[in-house]
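Open the model in your viewer and keep the sequence panel beside it. The tour begins at a single residue, and then moves outwards.

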Amino acid sequence: MATAVVGSRIKRREDPRLITGEAKYLEDIKLPGLAYAAILRSPYAHANIKSINIDKAKALPGVLGVFTGKDFADVNPLPCAWQAGGVQNNANTPRILEIDKVTFTGAGVAVVVAEDRYTAEDALELIEVDWEPLPVVVDAYKATQPGAPQLHENAPNNVCMEWTVGDQSAVDQALHSADIVVKQHILNQRLIPTPMEPRGCIAQYLAATGEYTIWMTSQAPHVMRLLITAFVFGIPETKVRVISPQIGGGFGAKIFLYPEYCLMPALSKKLGRPVRWMETRSENYISTTHGRDHITDIEVGAKRDGTITSLKVNTYANLGGVLSTIAPGIPTTLYGRMLSGAYKIPNIFCRVFGVYTNTGMVDAYRGAGRPEATYVVERAVDLVARELNMDPVEVRRKNFIQPEDFPYDPIILRGLKYDSGDYDKALDRALEMLDYANFRKEQAEARQQGRYLGVGFSTYIEICGVAPSAWIGLPGEGWGAALWESANVRVHLTGKVVVTTGSQTHGQGHETSVSQVVAGELGIAVEDVTVQHSDTLGTPFGYGTYGSRSTAVGTVAVYNSLQKIKEKAKALGAHMLEAAVEDVVFQDGKVHVKGAPDRAKTIQEIAGAAALAYSLPQGMEPFLDDTTYYDPPNCTYPFGTHICVVEVDPSTGSIEIKRYIAVDDVGNVINPMIVEGQVHGGIAQGVAQALWEAAVYDENGQLITGSLMDYALPRADFFPPFELDRTETPTPVNPLGVKGAGETGTIAATPAVVNAVVDALSPLGIKHLDMPLGADKIWRVIQEHTNGV
Amino acid sequence: MYPTEIDYHRASSIAEAIELLSQNDDAKLLAGGHSLIPAMKLRLAQPGLLIDISHLEELKSIFVSGDKISIGALATHAQIAASADVQSYAPALASAAGIVGDQQVRNWGTIGGNLAHADPASDPPTVVLAYDGVIHIQGQSGSRSVNAQDFFVDLFATALEPGEIITRIELSNSSSAKSAYVKLSHPASRYAVVGVCAVLEMNGSTCTSARVAVGGATMKAVRSPGAESVLTGSSLDDSALNAAAAAVKSDIEEFLIGDMSYPEDYRQAMAGVYLKRAVHAALGS
């Protein structure tokens with residue numbers, strides 16, 4: 001059955017070129033006359049630039065040019081394209097090179113272009129900057145307090161914005177009348193996304209046409225073109241072509257417009273040479289965006305029976321020294337509006353301060369706001385369970401939104417409703433995999449032996465395919481554009497299909513999953529489908545790949561075009577079969593007369609006839625070709641249950657993950673193997689936040705964890721084999737029934753692990769621990785609570 | 001990622017390498033390059049001349065001579081890990097060499113380069129010290145040998161004089177001993193937060209001789225005479241191990257190093273824990 005291709009575990013079509021090294025990354029692109037740029041970055045986290053002397057650098061043989069911010073004073077600062085909705089945002093964004101002052105270590109202040117990168121790096125050492133260092137603040141709460149160093153004139157107390165959701169007085173009242181109220185201070189530490197490939201950009205300006213071609217490591221090439229032309233340079237969009245070559249991972253950090261993506265084209269124009277800049281890992285760690293970094297206080301109220309009645313959240317979200325492209329939207333729309341989790345919590349209020357500090361920019365990182373929200377909610381549920389001495393599973397069940405409640409309005413989503421779900425079903429399956437009753441017996445025995453065994457749950461939900469444009473856009477949530485996605489599907493004369501999409505793929509396997517949808521709908525081989533993307537020349541406008549939106553939005557655009565193509569194929573097929581269109585059906589790649597499957601024309605025959613156009617029905621245009629712009633009516637809301645089992649070694653504080661169980665529901669699944677791959681990587685990243693990863697700045701604003709020698713990424717041997725399963729609750733939001741699978745693991749895993757460690761140490765009276773749960777921290781906690789035994 | 005300009009010379013012999021090393025103050029030997037080149041890429045090291053000795057065959061061999069095992073300075077970690085002679089004469093060195101860095105590091109990195117670099121968090125120095133190794137050195141004025149105990153001087157500092165090259169590392173036959181190296185790895189670098197090597201001669205259940213070395217927690221690999229004396233003559237029971245753990249913590253006190261993630265007191269405590277683990281691992285208990 002041809003249609004069974006959707007839902008099958010076919011191998012990724014992208015992989016042969018990646019495995020054999022034939023894929024072309026930015027670093028592989030060589031252009032005649034290519035020149036190499038290196039950027040001088042601020043060694044200070046907060047300083048005025050009194051003067052810069054570039055004479056010696058310019059005199060070094062092989063140097064083509066040296067420039068400072070003053071040379072680009074006429075270029076606009078970068079735009080902040082998503083400001084927090086409905087409130088004043090005191091926005092400050094990077095310039096392509098800073099002119100007067102810097103607000104974080106790593107800000108670019110000068111650039112050298114040379115015949116090779118080595119010479120450019122040598123010349124950087126010859127640039128003399130007269131710095132005036134200023135006082136530094138790196139902590140988002142401290143930055144808002146009286147006497148803190150002030151980073152920007154337009155942002156008193158370093159507050160970029162103060163945003164709220166919910167009814168504060170109702171929540172206060174509900175807390176007041178709750179049987180119990182639990183308060184907790186919760187840190188969600190800063191993380192560094194660390195894609196395998198750092199960022200880079202090559203720009204070529206052609207004076208004869210005034211056109212730029214820009215290759216960049218971007219998850220959103222069309223958006224980059226729009227921002228560079230319309231906002232930074234003020235030139236027609238048509239003068240720029242942006243190409244994302246093969247991208248070595250992004251995790252969100254490659255969504256944004258960075259100074260270098262504008263600097264390289266500006267340099268190419270000045271020098272008349274193509275210019276390339278490729279980030280080193282050290283640069284990546286200080287100048288590419290980070291994620292998370294919240295300081296939060298919560299109060300959660302509940303009845304004695306475990307019913308949660310109220311949740312009050314106050315968060316200081318560190319946004320860094322300047323705003324990255326969509327920084328304010330992450331801790332507001334994608335965080336505050338998701339604080340109901342999978343539960344009916346009638347009263348929720350959240351206040352968020354977006355705060356400038358002398359640290360690197362913070363923006364979306366895999367999960368983007370939802371991991372932070374899920375962490376708060378899933379910790380809150382456990383805190384309630386602990387306070388009431390109830391099983392955390394029971395508290396979850398007690399508060400779950402029930403299948404009959406959908407579409408469910410959590411109120412704080414400003415009119416959007418959760419689409420579909422059966423939260424108990426995923427939880428039941430995960431508990432069955434764990435053998436929960438037996439585990440608690442094992443745990444009791446372990447405790448008798450002085451062992452610290454624990455289990456943690458995360459019954460998360462998240463939000464994918466964020467839409468519709470009218471909800472997310474400027475008048476609503478402040479997103480400075482739309483969020484539809486586009487696709488063009490063409491069935492060529494030979495029956496081969498070309499799909500062009502505005503989405504971008506950098507590890508998600510879109511070329512495979514989109515091909516599966518096309519093959520399934522048209523009844524053709526997957527190999528007969530080509531998916532083209534990531535080049536603004538030849539693809540329709542699209543907003544790019546992030547927020548688990550490319551399948552739930554982008555592939556639905558493809559699907560809708562396929563329906564229109566099938567309708568046209570039916571009309572032409574009927575014409576070819578000399579039958580009425582009402583009397584034919586499209587099935588398994590053929591149009592045939594109802595009840596007479598032998599009277600059929602294949603899609604290839606019909607495509608050929610449509611292309612040749614020798615005999616078309618009256619008024620029909622040649623060719624099978626359709627373009628769709630799809631703006632979803634709602635977001636989608638994946639959910640599931642993750643369970644982590646840990647054992648803590650009290651002599652060292654080391655934590656062993658003994659089991660990791662994940663039952664996710666991402667709606668219908670196009671390729672289970674791709675989904676499992678996403679879940680695996682996501683879990684690894686989510687667990688890593690709980691146990692290992694932390695970006696740490698010292699009080700001078702220097703990134704202490706500035707290399708992979710210090711910043712602990714997860715490794716395969718840190719984990720047991722993951723035990724995965726799925727439930728499938730299709731979304732009614734889109735015709736494919738798909739929700740999105742790119743971030744579930746990252747969102748779900750972190751609280752599951754922390755809840756497990758807290759459970760393991762609960763005999764010591766531990767109720768909460770801040771991440772990362774490194775061996776030293778855990779050892780100390782155990783020492784303190786056992787009097788050093 | 002982009003080193004400064006360097007001259008490169010491929011030495012044709014040990015003598016030529018020593019000659020060049022003596023004549024150039026800013027020269028560095030290039031063997032596996034797995035400590036030097038990363039430092040050069042970050043411009044933390046800026047040698048003017050690299051003297052490549054990586055191809056000198058006479059420094060690569062591992063052989064047994066009498067009751068000693070001799071390991072060439074250019075033997076790679078992977079080579080040492082896989083050597084039947086090392087596995088038999090100095091099993092803890094074979095197992096430690098098998099967990100240095102990652103596979104690429106082990107395929108390129110050499111024991112001579114590793115010891116000369118004297119990174120306090122590296123594994124081989126601790127093990128060579130516990131085996132009472134002897135470092136054979138050649139310089140312009142001839143050859144000499146230094147006991148491992150005297151070789152490691154300080155953080156990244158050894159007894160090597162300018163112009164000297166490590167040629168071989170010699171260990172006594174410890175095939176009758178029970179030995180093990182265990183470490184608490186830093187989750188990012190996999191270097192030792194603390195590493196302990198125990199080499200125990202046993203007569204039945206009694207330990208007749210114990211050598212204990214600690215690294216990672218300390219500015220250089222150090223022996224623990226206190227732990228050694230507690231263990232020697234004991235039956236390695238819990239009370240002996242507890243006393244040895246206390247002794248090792250005390251012995252390393254003056255050498256402790258620490259950082260944000262793993263402060264000194266934590267590393268000190270872990271030295272005691274890992275001493276016990278090293279003994280258990282050596283005994284297979």
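**First stop: one residue and its contacts**

Select A:Asn668, which, apart from neighbours within four places in sequence, is in contact with A:Glu728, A:Pro730, A:Leu736, A:Gly737 and A:Val738, where contact means that the C-beta atoms, placed from the backbone, lie within 7 Å. This is a predicted model, in which local features need pLDDT of at least 70 and side-chain atom pairs count only at pLDDT 80 or more, while totals for chains, interfaces and linings use all residues. Residues are numbered from 1 along each chain as its sequence is written, and chains are lettered from A and ligands numbered from 1 in the order in which they are written.

Now show the backbone as a cartoon, and you will find A:Asn668 in the loop between β25 (655-665) and α17 (672-691) of chain A; helices (H or I, at least four residues) and strands (E, at least two) are DSSP runs, numbered from the N terminus. Is A:Asn668 buried or exposed? It counts as partly exposed, because it has 16 C-beta neighbours inside 10 Å, and the scale calls a residue buried at 20 or more other C-beta atoms within 10 Å, exposed at 12 or fewer, and partly exposed in between.

Next, add A:Val6 to the selection: A:Val6 and A:Asn668 are 662 residues apart in sequence, yet 9.6 Å apart in space, C-alpha to C-alpha.

**Last stop: chain A and chain B**

Zoom out to chain A, which has 19 helices and 26 strands, and then select its contact with chain B, to which chain A gives 19 residues and chain B 15 residues. On the chain A side, α3 gives the most, with 4 residues.

How values were computed. Two residues are in contact if their C-beta atoms, placed from the backbone, lie within 7 Å.
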